[in-house]
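Let's take a walk through this one together. Have the viewer open and follow along as we go.

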There are 2 protein chains.
Amino acid sequence: MFKKFKIPDATIGRLSMYSRYLIEADKKGITTVSSQHIAKATGVTPAQVRKDLAYFGEFGTRGVGYNSRELYNYIMKILGLNKQWSVAIVGAGNLGRALSQYKGFNQRGFNISCIFDNDPKKIGKKISNINIYSFDSLAEKVKDFNIKLGIIAVPASAAQEVADKLVKAGVRGIINFAPVNITVEENIILRRVDLAAQLEYLTYYLEEI
Amino acid sequence: MFKKFKIPDATIGRLSMYSRYLIEADKKGITTVSSQHIAKATGVTPAQVRKDLAYFGEFGTRGVGYNSRELYNYIMKILGLNKQWSVAIVGAGNLGRALSQYKGFNQRGFNISCIFDNDPKKIGKKISNINIYSFDSLAEKVKDFNIKLGIIAVPASAAQEVADKLVKAGVRGIINFAPVNITVEENIILRRVDLAAQLEYLTYYLEEI
DNA sequence: CATACATTGTTAAATAATTAACAAAGATTT
DNA sequence: AAATCTTTGTTAATTATTTAACAATGTATG
């Protein structure tokens, strides 16, 4: 698996979609699929599918297509999903609690190992069998559980501080749900997910039609 | 407000970020900001800020910058956020419940009016004062509450059916949290948010470093 | 086994988005 | 009031991404 070239960010998101389609196809007994099939199921063009895959190698057979299971395995490997990942969620508010229980993470190999909060009323409790720990024990627990991924679900005002703590503890990738821009050192992967902004895309387009 | 040209999708997301910075700046008594200030606070380039704004008009004063409050108001108007929007959430599972309670929506003018589910145990109950109704009453309630935005938080297998129902009831914009591609007629605005895929971006980049 | 057909992988063309450069316009200083 | 400084808005250049086209390659058919 080689990542020599710069791959468009969007490609990664599409690979994830492809993989979901492929595992479904495989379950249904569809052993072979074409770029056309994948494209139709995921809402992209066949050329896009082939281009995306071409970044990583040759996975198909000309005149035939792709073996569903095989391509699925390749993509999962590309995405780094051929193993389990431990994840920490920081913030046991509504969003943090929901994400802790969200089944979709488990389905893709993510294991929410622990939750952190600074509310004494929450510390020591559990959310669907996941322990809530104090901020103070973050570094310790991150090392214990070998956690490389962190989810920030705290208010905007605390997000940067939490990010710093996570990075210091050894976390390598962070998703920030707080609606604020935070910065991390260069070798840390950071993504921002702004739920309200998603609705704002809709209102923007609906506004003037 | 004119949307003659095709605006990059990313621009809309950035406008949302800018607006969040601007209201904060205004609260702190910073009446004037430059594209440089906005850029630094939101993690983009000053040229990007000016380009984004230029799609919609001239909001600044050369040699001076932008009036924080004024630009904030302009952007909110552009995004269609100068009024309240009623939103329906479909699915009262973990994710649906969390989104119903998520404070971030309210802060930006979104009002979760009702929740729909088909579980008899949930119908009739409330989640932080928001009623849970049956799928059957969806069309009726969407009209009663004048709901134009819908959030799909049901399992992938039910997502398309829910989308169809929402559209038929008069909803114009949809966010789909189910990890599946759904289709809607052309004049409906649809966005897909795949939470697991967000983590997969991280693992992709962490995999081979 | 030659011909027709299907579908990939790849190269080229077209489109889109970002960044850089700078003239225009207003504020400040001498 | 001329000269200098600042920062916008806009145009041009650059970079990135998507789409289209097609040669290469394998399968199926007569």
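Start at the DNA: the residues of the surface near DNA strand C split into seven nonpolar, eight polar and eight charged. A residue is near a strand here if one of its heavy atoms lies within 4 Å of it. As for the classes, Ala, Val, Leu, Ile, Met, Phe, Trp, Tyr, Cys and Pro count as nonpolar, Asp, Glu, Lys and Arg as charged, and the others, Gly among them, as polar.

Some housekeeping before going on. This is a predicted model, in which local features need pLDDT of at least 70 and side-chain atom pairs count only at pLDDT 80 or more, while totals for chains, interfaces and linings use all residues. Residues are numbered from 1 along each chain as its sequence is written, chains are lettered from A and ligands numbered from 1 in the order in which they are written, and side-chain values use heavy atoms, with hydrogens and water left out.

Back to strand C. Of the 23 residues around DNA strand C, the nearest are Ser34(A), Ser35(A), Arg50(A), Gly60(A) and Gly63(A). Of the atoms of DNA strand C that come within 4 Å of the protein, 65% are sugar and phosphate. H3 of chain A and H3 of chain B each supply at least two residues of this surface, and H3(B) gives the largest share, four residues. Helices are DSSP runs of H or I with at least four residues, strands are runs of E with at least two, and both are numbered from the N terminus.

Now zoom in on the polar contacts, meaning pairs of N or O atoms within 3.5 Å (within protein, one must be able to donate a hydrogen and the other to accept it, and residues adjacent in sequence count only if both atoms are side-chain atoms). A polar backbone atom of Ser35(A) is 2.7 Å from a phosphate oxygen of DNA strand C, and a backbone N or O atom of Phe59(A) lies 3.0 Å from a phosphate oxygen of that strand. Arg50(A) goes for a base instead: a polar atom of its side chain lies 3.0 Å from a base nitrogen of DNA strand C.

Hop over to DNA strand D, which has 24 residues around it, the closest being Arg62(A), Ser35(B), Gly60(B), Gly63(B) and Tyr66(B). Sugar or phosphate makes up 66% of the atoms of DNA strand D within 4 Å of the protein, and bases make up the rest. Chain B handles the contacts picked out here: Ser35(B) places a backbone N or O atom 2.7 Å from a phosphate oxygen of DNA strand D, Phe59(B) has a polar backbone atom 3.0 Å from a phosphate oxygen, and a polar side-chain atom of Arg50(B) sits 3.0 Å from a base nitrogen. The elements giving two or more residues to the surface near DNA strand D are helix H1 (9-27) and helix H3 (46-54) of chain A, along with helix H3 (46-54) of chain B. H3(A) contributes the largest share, four residues.

How are the two protein chains related? A rotation of 180 degrees with 0.0 Å of shift along its axis superposes chain B on chain A, at an RMSD of 0.0 Å. That is the relation of a two-fold axis. The fit is by least squares on the C-alpha atoms of residues with pLDDT of at least 70 in both copies. Within chain B, Ala98(B) comes closest to the rotation axis, its C-alpha being 2.7 Å away. The copies meet through the same surface, because 100% of the interface residues of chain B are also interface residues in chain A.

Next, look at chain A by itself. Its secondary structure comes to nine helices and nine strands, and its C-alpha atoms fill a box of roughly 60 × 50 × 35 Å along the principal axes. Of its 209 residues, 52% count as buried, meaning under 20% relative accessible area (exposed is over 50%, partly exposed in between; 1.4 Å probe, protein chains only).

For one buried spot, try Ser100(A) in helix H5 (residues 94-101). Ser100(A) counts as buried because its relative accessibility is 6%. A polar atom of its side chain lies 2.5 Å from the backbone oxygen of Gly96(A). Leaving aside neighbours within four places in sequence, Ser100(A) is in contact (heavy atoms within 4.5 Å) with Ile89(A), Ile112(A), Ile115(A), Ile127(A), Ser128(A) and Ile130(A).
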